Amino acid sequence: MKRQIPILLVLVFGLFMVFQYFVPHESSEWIYEYLLDWITIIGVFALVLGIWSLFRVNYDKLRQHKPDRGYSVVLLISLFATICFGFLAKVDGSWGLHFSTTEGLQSYMYRHAYEYVIRPIQSTIFSLLAFFIASAAYRAFRARNVLATLLLAAALILMLRFNPYLGPLGDYVSNAANWLLNVPNLAAKRAIVIGIGLGMVATALKVILGIERSYMGKG
Amino acid sequence: MTIFEKMMAIDRRWVFLLLAVVVVGTYAVSFQIPIRINSEVRSIYEFVGKLQPGQIVYLGIDYDPSMQAELHPMAYAIMEHCFRKDLRIIFCTLSQYGSGMVDAAIHDITDSMKLDQTYHGVAYKGRELVNGVDYVFLGYKPYFILQILGMGQNFRLPFPIDYYGRPLDSLPIMNGVINYKQVACVIDLSGGNITDAWVSYGQGRFNFPLALGTTGVMAADYYPYLNSGQIFGLMGGLLGAAQYEQLADNPGPATDGMRIQVFAHIVIIAFIVVGNVGYFTSRRRRATEGR
């Protein structure tokens, strides 16, 4: 029963989701909306499970005095501080934790943590990428063989395609870049997308028909 | 070590330093560079330009602060263009840190819309944008595929209240707006796999006009959808944003950033050339010396 009931549920709901796509009837739409609500509710439990797992892994690192436990301390403090900031609001002139006020959405503390911590940190990390890309491009883009030369040429053309200092050469470079994007790139991407799509259909069918059972774990 | 071998092994700190000097230098010196417009950005501008006052555009701000340098200027340019044309906007974010991005953009654009401006020689009087009338911000919900599907049924399913806690039915902008059928187009700005979900689960299922704004590195991935007609426009990175700014006669941070990007690219190309000259010359020398 432990195996048959989940397989049966997957079969019924999987087939329903496939067929309802082609049935625009009111009752079919109603069940579909109802199932969307269910998925959201199940998703919330997954979120709680994720937070618990994150807490547990980092708490264990602290307990076992692992060498990189300092990061865990920062993570746990940030985790709980952010949750508190989300609920901390000033209602009727006094600060407190409020779980159902609209002020919670625009909390002063949360906004400040966002503006002055998250935003600069994320922007800084992403902007560092430019420097690593420059260094990596210098080291990796060597015309060692035909394929590497093609890659190098394509990269140079795409980087130069909107460079305004190329003079009359600019139009040729721009046209070459458009050709690269719209012919070889398009063909390769389309093949990959179609391949992924077919793979997804095959996997979904295997799950619906109970052939692929790894989602149930070892049991 | 010969000079050519040295050319192949420049310490990466020199690469970083030179790039930093160029970035800071081009940022400090103010000059404009001409920007060529490509058809995939022009088609978004023209689509928005043809909409009638009062029509609704859904603008998905599905990115985090890490991508704000590339995607925020796109959002600003599109918002200002829409509001100037008296279009109404439904904002939503399916990215966990996106709420702050939308909030900041709304504050900045509502402020700039209060000023009298001239675009393409046409004077526009400043006006106060009203939250709930000219725009609505639905807020953020996790599990983006579910939200895209849910909004296709009814915006009120995933978002019964807006970001500011007001029921959607109490907002004039949402009067008669049920789902994507009442929206003129969806423009999604994203730097992750939310973009794929909009194509597959949004446009694929509900068949609305969709345009995408992506980071520069992602743009090439979405040309198949442009070619197949699943999306009617594509803006790639800072360049896409700068092109939209140029089309809208509203030069902003992206146009400014282009001079930095162009010179940074020149530095990267110079290093690649130096590396390859060193590589080929060393190889030839080794061949002639019989090593």
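**Helix crossings and the interface between chains A and B**

Helices α4(A) and α2(B) turn out to be oblique to each other, going by a scheme in which angles under 35 degrees count as roughly parallel, over 145 as roughly antiparallel, 65 to 115 as roughly perpendicular and the rest as oblique. This is a predicted model, in which local features need pLDDT of at least 70 and side-chain atom pairs count only at pLDDT 80 or more, while totals for chains, interfaces and linings use all residues. Residues are numbered from 1 along each chain as its sequence is written, chains are lettered from A and ligands numbered from 1 in the order in which they are written, and side-chain values use heavy atoms, with hydrogens and water left out.

Back to that pair of helices. α4 of chain A covers residues 108–140 and α2 of chain B residues 12–28; their axes come within 9 Å and cross at roughly 130 degrees. Helices here are DSSP runs of H or I with at least four residues, strands are runs of E with at least two, and both are numbered from the N terminus. Axes are lines fitted to C-alpha atoms, for helices over the stretch in contact, with angles between N-to-C directions running from 0 to 180 degrees. α4(A) and α2(B) cross in a right-handed way; that is, the near helix is turned clockwise from the far one by less than a right angle, anticlockwise being left-handed. On the α4(A) side, the contact (heavy atoms within 4.5 Å) takes in A:Ala130, A:Phe131, A:Phe132, A:Ala134, A:Ser135, A:Tyr138 and A:Arg139, and on the α2(B) side B:Arg12, B:Val15, B:Phe16, B:Leu19 and B:Ala20. Sorted by type, these residues come out as nine nonpolar, one polar and two charged. Ala, Val, Leu, Ile, Met, Phe, Trp, Tyr, Cys and Pro count as nonpolar, Asp, Glu, Lys and Arg as charged, and the others, Gly among them, as polar.

How many residues of chain A are in contact with chain B? There are 53, and they meet 62 residues of chain B. Between them the two chains bury about 5,400 Å², with carbon and sulfur atoms giving 61% of that; buried area is the accessible area (1.4 Å probe) lost on putting two parts together, summed over both. In chain A, the residues that lose the most area to chain B are A:Phe131, A:Tyr138 and A:Phe162, together 14% of what that side buries.

Two serines touch residues across the chains. B:Ser66 sits in the loop between β1 (56–62) and α4 (68–84) of chain B and is buried at 15% relative accessibility. Buried means under 20% relative accessible area, exposed over 50%, and partly exposed in between (1.4 Å probe, protein chains only). Leaving aside residues up to four places away in sequence, B:Ser66 touches A:Gln122, A:Ser123 and A:Phe126. The other serine, A:Ser174, belongs to helix α6 of chain A and is buried too, at 11%. With the same neighbours in sequence left out, A:Ser174 touches A:Arg161 and B:Arg36. Its C-alpha atom is 7.8 Å from that of A:Ile157, 17 residues away along the chain.

A:Ile157 also features in the packing of α5 (residues 146–160) against α6 (residues 169–182) in chain A, where the axes are 8 Å apart at an angle of about 120 degrees. That angle is why α5(A) counts as oblique to α6(A). The crossing is left-handed. A:Ala154, A:Ile157, A:Leu158 and A:Leu160 of α5(A) meet A:Val173, A:Ala176, A:Ala177, A:Leu180 and A:Leu181 of α6(A). This contact has nine nonpolar residues, no polar and no charged.

Chain B has 10 helices and eight strands, and its C-alpha atoms fill a box of roughly 80 × 40 × 30 Å along the principal axes. Of its 291 residues, 55% count as buried. In chain B, α6 (residues 144–153) and α7 (residues 194–206) have axes that come within 9 Å and cross at roughly 25 degrees, so α6(B) is roughly parallel to α7(B). Their crossing is right-handed.

Finally, two histidines have a positive phi near 50 degrees: A:His65 and B:His120. A:His65, in the loop between α2 (26–63) and α3 (69–87) of chain A, is exposed at 57%. B:His120, in the loop between β3 (117–119) and β4 (122–124) of chain B, is partly exposed at 48%.
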